[in-house]
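Notebook open, coffee next to me. Time to look a few things up and jot down what I find.

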Amino acid sequence: MTPNLSQQEILLYIRAKVNQLLMVMGTSPLRVDELDDYTLIEFDPIGIIAESFQQVINNYNETNQHLSLALDEIRAILDALGAALMVINPHDRIESCNHLALKWLFADSDKTEIVGKLVNEVCFHCSETLMNYRNNPDSNYHITNLFGCDIQLIASKICDGVGNHAKTVMLFTDISHRVQAEEALRIAATAFEVQEGMVITDTEKVILRVNRAFSEITGYSAEEIVGKTPSLLASGRHDKTFYVEMWKSIERTGKWQGEIWNRRKNSEVYPEWLMINAVKNDAGLTTHYVGTFTDVTSRKKAEEEIMNLAFFDPLTGLPNRRLLLDRLKQAIASSTRSTRHGALLFLDLDNFKTLNDTRGHDSGDLLLQQVANRLVTCVREGDTVARIGGDEFVVMLEDLSENVLEAANQTEIVGEKILVTLNQVYHLANFAHHSTPSIGVTLFVEHQGSIDDLMKRADLAMYQAKAAGRNTLRFFDPEMQAVVTTRAAMEADLREAILKKQFLLYYQAQVDSEGYLTGVEALLRWRHPQRGLVSPLDFIPLSEETGLIIPLGHWVLETACLQLSTWAALPHMAHLTVAVNVSARQIHHPNFVDTVLTILDDTGANPERLKLELTESLLVDNVEEVIDKMTVLKEKGVSFSLDDFGTGYSSLSYLKRLPLDQLKIDRSFIKDILTDTNDSAIAKMIVALADSMGLSVIAEGVEIEAQKNFLSNHGCNAYQGFLYSHPLPIEEFEDVVTLLNVSMIRPY
Amino acid sequence: MIQTIDIDIRGHICPSCLLLTLKEMNNNVAAIRTGNTELVVVTDDRQATTTIPAMADRMGFCAEVVRMDDGYHIRIYRCNIGTTP
């Protein structure tokens with residue numbers, strides 16, 4: 001039945017429905033004054049709203065499609081995830097899980113069998129302990145050995161719009177690889193901290209890491225060295241080539257090892273055994289270098305100790321027989337190159353066995369040590385003192401003269417020194433002991449005979465020394481023995497001559513250009529009881545070597561000064577000067593100046609009449625010292641003449657600084673002055689030089705008038721020589737001067 | 001070049017404002033969906049600034065309200081791709 005509705009009722013119904021729809025849309029109802037009935041129908045609000053709702057529905061459908069797609073996307077992502085994911089509600093019912101969760105946690109069940117179930121019903125692995133983690137959401141848990149793997153569990157709580165706990169997401173990640181990698185790193189880190197120093201650099205050799213042993217060995221802390229290069233440790237003992245070769249080897253083979261000297265932070269240089277390895281990546285390119293090293297200082301020391309034991313005598317610290325033979329071999333080779341002689345001195349302590357037997361071996365050892373010390377003081381640094389067993393020592397001298405007899409003399413001097421030194425009393429423990437050596441000597445030059453032969457010869461000579469009454473020295477070669485015997489005899493004679501006053505002075509006149517006597521040169525002579533008058537040339541060198549020149553020189557100076565004071569009392573002699581020769585050894589003696597002054601004082605001689613003649617050779621050493629000494633004496637009035645000028649070493653710069661008064665032209669230039677243009681030129685030059693320096697000049701060896709005239713013509717106005725007088729004993733000289741040749745004395 | 005359809009509903013109050021706007025949107029929904037056309041409603045009714053954007057949102061459009069001297073300008077346009085849920 002169709003209801004019979006009035007138009008009014010229908011309009012009311014429409015307005016009510018429009019308002020209902022407007023309310024759904026959240027807005028206010030229509031008012032009649034706003035929209036009259038006619039306009040209401042024409043405006044068609046229901047149609048508008050219906051159409052709009054269609055739009056809304058379309059939009060929701062579209063949105064749902066998007067959400068569904070997004071959900072699929074998320075599921076796909078979660079399934080692809082390398083982790084198991086499970087979503088549970090607050091009552092532990094499973095809401096969702098991913099593919100890996102089915103496999104790991106739910107024994108490969110179908111998802112439909114899992115969703116909606118309680119966790120403990122379907123998850124064999126989900127123990128109560130594990131599930132407790134869900135109550136501590138947003139934390140990290142590490143579960144070891146869950147279904148055979150290292151698993152990390154992360155639980156996150158999801159709340160609904162009003163903050164109520166809606167779900168828990170549990171994520172299980174297999175971190176076995178990471179755990180293994182960490183373990184490997186830990187092992188590596190432990191391995192890194194070993195006794196050996198380790199350093200890791202990049203390819204530019206910039207240090208990235210060092211271990212503790214590195215810091216202990218080098219002194220550099222990691223902070224100090226990281227960022228630097230290992231060149232900071234370079235000791236400077238290796239040249240550039242060494243490092244270049246080292247890196248070449250690393251480039252070629254990827255490694256290098258060897259001994260290298262480095263410098264610690266405290267600048268101590270030390271040896272280390274270093275191994276460098278290049279670290280390469282999969283492509284075979286070097287990414288790092290790893291250096292491993294051990295400090296081999298102690299090993300080196302041990303090696304040195306072994307070397308010491310092998311080559312040195314532990315008791316005395318001297319080289320042993322093995323090292324001696326080695327050095328002897330080298331000395332022979334060296335002698336072959338230089339043609340200079342060397343010498344072997346075999347020493348044996350006389351009666352050593354008696355000391356050992358009566359006082360014990362400790363005393364014997366003490367003696368051997370003291371002998372060793374004394375022997376070392378007797379030789380030059382380059383020479384060798386060795387102990388070859390028992391009480392036998394060997395001294396090896398090198399670089400002696402090329403002339404065999406001179407070399408023998410040189411050796412004999414050292415031998416004598418050893419005899420004297422070893423003869424001094426020894427203080428052993430609590431008693432004084434006297435010991436003497438017997439010394440056998442042999443010389444060697446180039447390859448004459450084997451090393452064995454040499455040793456045998458020296459040994460044999462030593463037995464000859466024993467046979468000759470001990471405490472003596474014998475040469476293997478009879479000729480050499482003769483030379484040194486003669487020399488020894490001469491030395492003994494010299495000593496006796498000094499004691500017995502067998503010396504005397506001869507005087508030779510020195511005159512001016514008019515032939516007047518100005519002074520004399522005092523010349524030493526030795527009246528030997530058997531050999532007669534001995535030339536100074538034969539005994540002065542020996543007295544220099546033995547030091548006898550000191551007492552002898554003292555006597556000469558004293559005698560000359562006494563003569564001066566005697567002459568001072570004689571009017572015609574009072575003006576004469578006396579020239580006295582002074583040797584190098586004398587002037588270098590520390591007391592030289594005092595000695596001269598004392599003699600002048602004691603004899604009362606006028607220092608201004610004393611002229612000291614020096615030779616050029618004494619200016620070779622310690623010129624400053626000589627200048628100082630001359631200056632002191634010169635202040636007292638003593639004058640100086642430089643003897644033999646032109647024959648030896650003269651540095652003009654020194655000459656200028658020496659407080660000299662006179663140059664003496666050597667006789668060798670005078671001899672041929674008239675015929676040899678060289679000699680005459682030198683003589684003229686010396687005169688000119690003396691003139692320019694404000695010095696007087698005297699010529700010695702003037703024998704004929706023509707020589708005197710030549711010298712006179714060229715400005716030399718003082719002469720000495722046979723033309724005027726031979727060297728004469730004092731009595732004869734005074735006779736000549738005062739009685740026979742009065743004309744020599746300038747009228748006074 | 002985006003085309004703008006301006007509708008001036010000043011003097012109207014809700015629900016007229018909403019209904020007038022919906023009517024205009026219904027008429028131009030295809031154009032607005034393409035993104036080439038925007039609808040700008042000028043109104044002086046404050047309630048409309050809530051109801052109109054709410055409906056636009058449900059229909060899947062974006063709306064922004066700017067207060068200007070002559071009233072509220074409500075711009076209705078297709079949301080950028082990617083921001084649509």
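Which residue in β5(A) is the bridge partner of A:Ile154? I looked it up, and the partner is A:Leu171. Note to self: this is a predicted model.

**Entry: the strands around that pair**

I then checked the two strands as a whole. β4 of chain A covers residues 149–159, and β5 of chain A covers residues 165–174. They run antiparallel, and nine bridges join them. Together β4(A) and β5(A) make a hairpin, with five residues sitting between the strands. In the turn I found A:Gly163, which has a positive phi of about 90°.

**Entry: chain B on its own**

Next I went through chain B. I found two helices and four strands there. Reading from the N terminus, the order is β-α-β-α-β-β. Chain B has 85 residues, and 33% of them are buried. I also looked at how far apart contacting residues are in the chain. Among contacts in chain B with a separation of 6 or more, 59% are between residues 24 or more positions apart.

**Entry: where the chains touch**

How many residues does each chain bring to the contact? I got 16 residues from chain B and 18 residues from chain A. On the chain B side, the elements giving two or more residues are α1 (16–34) and α2 (48–58). α1(B) supplies the largest share of that side, with seven residues. Sorted by class, the side of chain B that touches chain A has ten nonpolar residues, four polar ones and two charged ones.

Terms used:
Residues numbered from 1 in each chain as written. Chains lettered and ligands numbered in written order. Predicted model: local features only at pLDDT ≥ 70, side-chain atom pairs only at ≥ 80, totals over all residues. Contact = placed C-beta atoms within 7 Å. Nonpolar A, V, L, I, M, F, W, Y, C, P; charged D, E, K, R; others polar. Buried ≥ 20, exposed ≤ 12 C-beta atoms within 10 Å, placed from the backbone. Pairing = 2+ DSSP bridges.
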